[in-house]
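User: I am new to this structure and should like to be guided through it by questions and answers. Please show the sequence and the model before we begin.

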Amino acid sequence: MENVVTAIFDVESEAYKAFSEIRAMPFGNGYGVAEAALLKREGDNIIVVDSIDAVAVTADDTAAGMVIGSLVGILGGPFGVLLGAATGALIGSSLDSADAVNSLSMMEVTAAKLYDGEIAIIALVQEEEPAFDAAFEDYQTTIIRHFAVDVINEVDLARDAQADLANQMHEQLRAERKAERADKREERSAKVKAHFEEIKAKRAARKATAAEAREIAEAQFTSSTKEMLGTE
């Protein structure tokens, strides 16, 4: 049976030791490891500390890291962050977290249960179930096991969802930029109109001042003329 096995360690140093042992002996009693990665969560990010690819050792690089590498790429990206946050809330609000975990995918469980500062080994193994557990029997771990074919399907679905999410974000950004441009267009149009209104107001004020000056001048001329003619 081909499985993806995740072992989350209580003690970080034990994870490094176990990973070294797996690297030195990838084939044990009833199991064989094709790929493995040592992961650590740092805040919202899941980083790869170390990795093993038995395929690369055989120089057949056509499938090197195809399962674990793809899986880690999803978990360590923005989609993995969103997945962990959403799933963590689901598990935390569940009355029976065991039932919630059993109903979730491998990526959902790993993203939710690998807490900040924790370290884990994820491996693609062929085993007589659950033979690979023997690699961790001397350590304090939480072991999660999923069928490899199901995980591969999850990765494909996650890639599609990630692409859809990226497209949605792109469309949203475009819409926001378009709305922003529309707002600025209205704002700029209003400024231009206000500028013309200001010019009109100043012209009207100047006309009013000129008219008032003419009236004063005409009144003064009339008064002076009357004085000269002695008609007043």
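User: In the hairpin of β2 and β3, which residue in the turn has a positive phi?

Analyst: In this predicted model, strand β2 covers residues 27-28 and is joined to β3 by 2 bridges, with the strands running antiparallel. One of the pairs sets F27 against G32 in β3. The hairpin leaves 2 residues between the strands, and the turn residue with a positive phi, of about 90°, is G30.

User: Which residue in the turn between β3 and β4 has a positive phi?

Analyst: Strands β3 and β4 run antiparallel and are joined by 8 bridges. K40 stands opposite I47 in β4. These two strands also form a hairpin with 2 residues between them, and the residue in its turn with a positive phi, of about 65°, is G43.

User: How many bridges join β3 to β5?

Analyst: Two of the facing pairs can be named. Y31 stands opposite E127 in β5, and V33 has V125 of β5 as its bridge partner. The strands β3 and β5 run antiparallel, and the number of bridges that join them is 9.

User: Is β3 largely enclosed by the rest of the structure or not, and how many of its residues are buried?

Analyst: A residue counts as buried when its relative accessible area is under 20%. Strand β3 has 12 residues, and most of them meet that condition, so the strand is largely enclosed by the rest of the structure. The number of buried residues in β3 is 10.

User: Over how many bridges do β1 and β5 pair?

Analyst: Strand β5 spans residues 119-127, and 8 of its 9 residues are buried, so β5 is largely enclosed by the rest of the structure. In its pairing with β1, the bridge partner of A7 is I121. The two strands pair in the antiparallel sense, and the number of bridges is 8.

User: Is N3 buried or exposed?

Analyst: N3 lies in strand β1. Leaving aside neighbours within four places in sequence, N3 is in contact with A123, L124, V125, E127, E129, R145, H146, F147 and A148. Its relative accessible area is 1%, and the cut-off for burial is under 20%, so N3 is buried.

User: To which residue is the side chain of N3 joined by a polar contact?

Analyst: E127 is among the residues that N3 touches, and E127 also has Y31 opposite it in the pairing of β3 with β5. The side-chain polar contact of N3 has a length of 2.7 Å, and its partner is E127.

User: How far apart in space are L124 and N3?

Analyst: L124 is found in strand β5 and counts as buried, at 11% relative accessibility. Beyond four places in sequence, L124 touches N3, V4, G32, V33, A34, E35, V67, I68 and A148. L124 and N3 are 121 residues apart in sequence, yet from C-alpha to C-alpha their distance is 5.9 Å.

User: How far apart are the end C-alpha atoms of α1, and does this agree or disagree with the expected span?

Analyst: Helix α1 has 13 residues, and at 1.5 Å a residue they should span 18 Å. The value in the model agrees with this expectation: the end C-alpha atoms are apart by 19 Å.

User: Against which strands do the buried residues of α1 pack?

Analyst: The buried residues of α1 are E14, A15, A18, F19 and I22. They cover an arc of only 135° around the axis, which puts them on the same side of α1. On the other side of α1, S13 and A24 are exposed. The buried residues pack against β1, β3, β4 and β5.

User: Which residues of α3 are buried?

Analyst: Helix α3 covers residues 68-75, and 6 of its 8 residues are buried, so the helix is largely enclosed by the rest of the structure. One of them, I68, is also among the residues touched by L124. The buried residues of α3 are I68, S70, L71, V72, I74 and L75.

User: Which helix has the lowest confidence in the protein chain?

Analyst: The mean pLDDT of the chain is 76, and 73% of its residues reach 70 or more. The values stay under 50 over residues 58-64, with 5 contacts beyond four places in sequence, and over residues 85-103, with 12 such contacts. Confidence is highest in α1, at a mean of 95, and lowest, at 47, in helix α5.

Terms used
Residues numbered from 1 in each chain as written. Predicted model: local features only at pLDDT ≥ 70, side-chain atom pairs only at ≥ 80, totals over all residues. Heavy atoms only, no water. Buried < 20%, exposed > 50% of the residue type's maximum accessible area, 1.4 Å probe, protein only. Helix = DSSP H or I, 4+ residues; strand = E, 2+ residues; numbered from the N terminus. pLDDT = per-residue confidence, 0-100. Contact = heavy atoms within 4.5 Å. Expected span 1.5 Å × (residues − 1). Arc of directions from axis to C-beta. Polar contact = N/O pair within 3.5 Å; in protein donor to acceptor, adjacent residues only side chain to side chain. Pairing = 2+ DSSP bridges.
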